[in-house]
Amino acid sequence: MPESPSGPHAPYMTVLDALAAEIKAGKIRPGEKIPSEADLVQRFGVARMTARRAVGVLRERGLVRTEWGKGTFVIASEPAGREQHQGD
């Protein structure tokens, strides 16, 4: 198990960090579907619950939304300052 300065790195964090980095880098763009749990299991060699936990944290952070039966999609971020101009 990889070590971090604060101790062992939980397996879900590996999946979480990789997906968050791909979203931030624009490799997975707003509106695009992230890999399925099955794909994440195969790609990272983790249990399904581990993949599910990583996706759940992304959802809690507001980076993705899940449409049951369709998949999990990256959420478009609001352009900076958009809210300030709505009343103009």
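Contact means heavy atoms within 4.5 Å. This is a predicted model, in which local features need pLDDT of at least 70 and side-chain atom pairs count only at pLDDT 80 or more, while totals for chains, interfaces and linings use all residues. Residues are numbered from 1 along each chain as its sequence is written, and side-chain values use heavy atoms, with hydrogens and water left out.

**View 1. The whole fold runs β-β-α-α-α-β-β from the N terminus.** Three helices and four strands make up the secondary structure (DSSP runs: helices H or I, at least four residues; strands E, at least two; numbered from the N terminus). Of the contacts with a separation of 6 or more, 46% link residues 24 or more positions apart. Of the 88 residues, 28% are buried (under 20% relative accessible area, 1.4 Å probe, protein chains only).

**View 2. The largest nonpolar core holds 16 residues.** Such a core is a set of buried Ala, Val, Leu, Ile, Met, Phe, Trp, Tyr and Cys residues joined through side-chain atoms within 4.5 Å. Val 15, Leu 16, Leu 19, Ile 28, Ile 34 and Leu 40 touch the most other members. Helix 1 (11-24) and helix 3 (48-60) each supply at least two residues of this core.

**View 3. Leu 40 and its partners.** Beyond four places in sequence, Leu 40 touches Val 15, Leu 19, Pro 35, Gly 45, Val 46, Ala 51 and Val 55.

**View 4. Thr 72 sits in strand 4 (residues 71-74).** Thr 72 counts as buried because its relative accessibility is 12%. Outside its neighbours within four places in sequence, its contacts include Glu 32, Lys 33, Ile 34 and Val 55.

Definitions and conventions. Buried < 20%, exposed > 50% of the residue type's maximum accessible area, 1.4 Å probe, protein only.
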